[in-house]
Amino acid sequence: TNQWFLPAVRGDIPPGCAAHGFVCDGTRILVFGGMVEYGRYSNDLYELQASRWLWKKVKPQAPSTGSPPCPRLGHSFSLYGNKCYLFGGLANESEDSNNNVPRYLNDFYELELQHGSGVVGWSIPVTKGTLPSPRESHTAIVYCRKDLGSPKMYIFGGMCGCRLNDLWELDIETMTWSRPETKGTVPLPRSLHTANVIGNKMYVFGGWVPQSAGGEISAHDGEWKCTGSFSYLNLDTTEWIGLISDCQEDKSNLLPGPRAGHCAVAVGTRLYIWSGRDGYRKAWNNQVCCKDLWYLDTEKPPAPSQVQLIRATTNSFQVKWDEVPTVEGYLLQLHADSPVPSVAGIPAVGVPETSVLSSQGGSSLHQSPQSLPSVPYPEMKVDHPSQTNNVIPNNNANWDPDTNRNTINPQNVGEINVQVSLSSNSLLKVEGKEKVAAPENKITQETMKNHADATGFKESNAPSLLPVCISNRQWYDVGIFKNNSAVVSQFYLLPEEALNISNKMENTDEPDYRLLKKQDLFPGTVYRFRVAAINGCGVGPFSKVSEFKTCIPGFPGAPSTVKITKSVDCIHLSWEPPASPSGNIFEYSAYLAIRSTQLQENPSQLVFMRIYCGLKTSCIVTAAQLSNAHVDYTSRPAIVFRISAKNERGYGPATQVRWLQ
């Protein structure tokens, strides 16, 4: 929604505090220490259960050796697994909060968490190597390479009478401190900056840095300024890469302004920056807090899930796919088994703007995709409302101020318990309760040889083999959608000279949909779908291909609202009649995918055995039948069922169900 809200919290609400430690563990947040009212330093620990907005003051056990952490501020508090790691900070040697006697710390504690809620206690790990020097207002992150399973904690910068820019590494498994050698240009000494890990990179933004002339770094009592500089450390190669320098001017306000004491959080591959103190060209007592939210796309988004089918008619599909976090839209494409006419020359102007359809089937007209303000497509650009785009060299990143008018927020469709008519190759994931239908791209309905019907199958009780048929025909754009759902009844035809534009998204501009002709979907036709997510860095990779068939007039639709319940020795399978029966339903057939030698030879082919035929809209699947079931591992392990209905013209498309194991 892009809206701030103030939750109604309850419980042991902590006092307001600054420079505290903060970690997020699932739906709970832990807050430790900081400066509270009247300048007093704290060593209290609070837990917020965000699912219930309930605060609780927790009291960890003291270490078996040594004292618990003293009151402090400006420390680092990092989470890895079920443990939090506390390092350093600033303590007050005086008991009088008005008479501050600073003491910089480099002590190191481990806090063990209980699962879900609560903590066990503090411990003081025995470490090897040399501890980092005392400091406060530094940053600490934890990173674990995928190929080398040893987690490392990295501490960078901070304040100890003067700003620091040293890098320290702690091997959490061996508890060994070291100073890794780095390449590249190390960022200036700084404090009150932020550091976040995305992939294998630690992104460092902002903070207080020396106000230097001619590149000379000031001494203890020198001049300091806020910075908007931005760098990252490749944690695999320990090489620093500068993205925005301290001296880079930004007269057009296309980049976040200089700041310190801000907060930053990584969501997927996007980095959000919020607020902070603006000390640039201002006296110490004349700072102001920023009130702006920015985000940075660091790389193209990952591929979405396969397109999932919710409903099929004779000339349309209602589809959805799993939401990808922090994206600005989705490019949906299809191609058909039947030949699609090409367009010679440039089509006439006058085609209406893209119609983006909701999951409920209603339509609403939106801006044509090429004019969406927050879909820079596909170059790496810095976007700002009412400003021109400037390309940042040597940077696969895109800053964007996060405002209501400048961000497309995909809505989460979630679970849909509606009357849905599903074509063949639809797939229903059942995990305790009914979920949205989803596709199975490796199976085609034309090969289920158990019916004499619209698909031309002959009646047989023997298992049937379902081969895969993938063609290399042209992919056509359905459109760019803000949300992760659409009703598809048309697609865009490209002129002959641009037939391959959709397959070359990396090197070409998107087509102007307003100038393209549209093609309606045909009844009884197989269409294949794929979808890609879009963010400020461009179009990401496409999903796996899904395949659906439009219904044939006169034949029944697919049974809907499939439910599976498990008892001690069997499964109860039930469904509802098709939303479009096209006459009286004579019978239903249910099938189970079974193990076979043919399947072992070709894992992309499934073999189905009929387990029920009758007028009832339910059946029992016995333990003996299930013992012969094939377990499908294309996503999560599941047993596959198919259900179809028959009227006077024959069997219609089947609903395919994956029962998750």
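This is a short tour of the structure above, stop by stop, with something to select at each one.

**Before you start**

The model is predicted, so local features need pLDDT of at least 70, side-chain atom pairs count only at pLDDT 80 or more, and totals for chains, interfaces and linings use all residues. Residues are numbered from 1 along each chain as its sequence is written, and side-chain values use heavy atoms, with hydrogens and water left out.

**Stop 1: the whole chain**

Show the protein chain as a cartoon and you will find two helices and 49 strands. Helices (H or I, at least four residues) and strands (E, at least two) are DSSP runs, numbered from the N terminus. Of its 661 residues, 51% count as buried. Buried means under 20% relative accessible area, exposed over 50%, and partly exposed in between, with a 1.4 Å probe and protein chains only.

Now switch to a surface. The chain exposes about 29600 Å², and carbon and sulfur atoms supply 51% of that area; accessible areas come from the Shrake-Rupley method with a 1.4 Å probe, and for residues only the protein chains shown count as cover. If you draw a contact map, residues 24 or more positions apart account for 63% of the contacts with a separation of 6 or more. Contact here means heavy atoms within 4.5 Å.

**Stop 2: the sheet with S1 to S5**

Select residues 10-11 and 21-25, which are strands S1 and S2. They belong to an open sheet of five strands in the order S1-S5-S4-S3-S2, with mixed pairing. Two strands pair if DSSP finds at least two bridges between them. S1 and S2 stand at the edges with a single partner strand each, so one side of each is left without a neighbour in the sheet.

Add S5 (residues 54-58), which pairs with S1 in the parallel sense over two bridges. Glycine 11 stands opposite tryptophan 55 in S5.

Next, pick leucine 48 in strand S4 (residues 41-49). Is leucine 48 buried or exposed? Leucine 48 counts as buried, because its relative accessibility is 6%. Leaving out residues up to four places away in sequence, leucine 48 touches Thr27, Arg28, Ile29, Trp53, Leu54 and Trp55. Try a distance label too: leucine 48 and leucine 30 are 18 residues apart in sequence and 6.5 Å apart in space, C-alpha to C-alpha.

**Stop 3: the sheet with S6 to S9**

Move on to an open sheet of four strands, ordered S6-S7-S8-S9 with antiparallel pairing. Its edge strands are S6 (76-80) and S9 (119-123), each pairing on one side only. S6 and S7 (residues 83-92) pair in the antiparallel sense over five bridges. To see the register, select tyrosine 80, which stands opposite lysine 83 in S7.

**Stop 4: threonine 139**

Select threonine 139 in strand S10 (residues 139-143). It is buried, with a relative accessible area of 7%. Which residues is threonine 139 in contact with, leaving aside its neighbours within four places in sequence? They are Tyr154, Ile155, Phe156, His193, Thr194 and Ala195. With histidine 193, threonine 139 shares a side-chain polar contact of 3.2 Å. A polar contact is a pair of N or O atoms within 3.5 Å; within protein, one must be able to donate a hydrogen and the other to accept it, and residues adjacent in sequence count only if both atoms are side-chain atoms.

**Stop 5: the largest nonpolar core**

Show Phe317, Val319, Leu332, Val488 and Phe529 as sticks: of the 26 residues in the largest nonpolar core, these touch the most other members. Strands supplying at least two residues each include S27 (329-336) and S38 (526-535). Another core, of 22 residues, lies apart from it, with Leu573 and Val607 among them. A nonpolar core is a set of buried Ala, Val, Leu, Ile, Met, Phe, Trp, Tyr and Cys residues joined through side-chain atoms within 4.5 Å.

Then select serine 316, in the loop between S25 and S26. Serine 316 counts as buried at 14% relative accessibility, and its side chain makes a polar contact of 2.7 Å with the side chain of threonine 313.

**Stop 6: strand S49**

Finish with residues 655-660. All six residues of S49 are buried, so this strand is largely enclosed by the rest of the structure. Thr655, Val657 and Trp659 lie on one side, and Gln656, Arg658 and Leu660 on the other. S47 (residues 638-647) pairs with S49 in the antiparallel sense over six bridges, and arginine 642 stands opposite glutamine 656 in S49.
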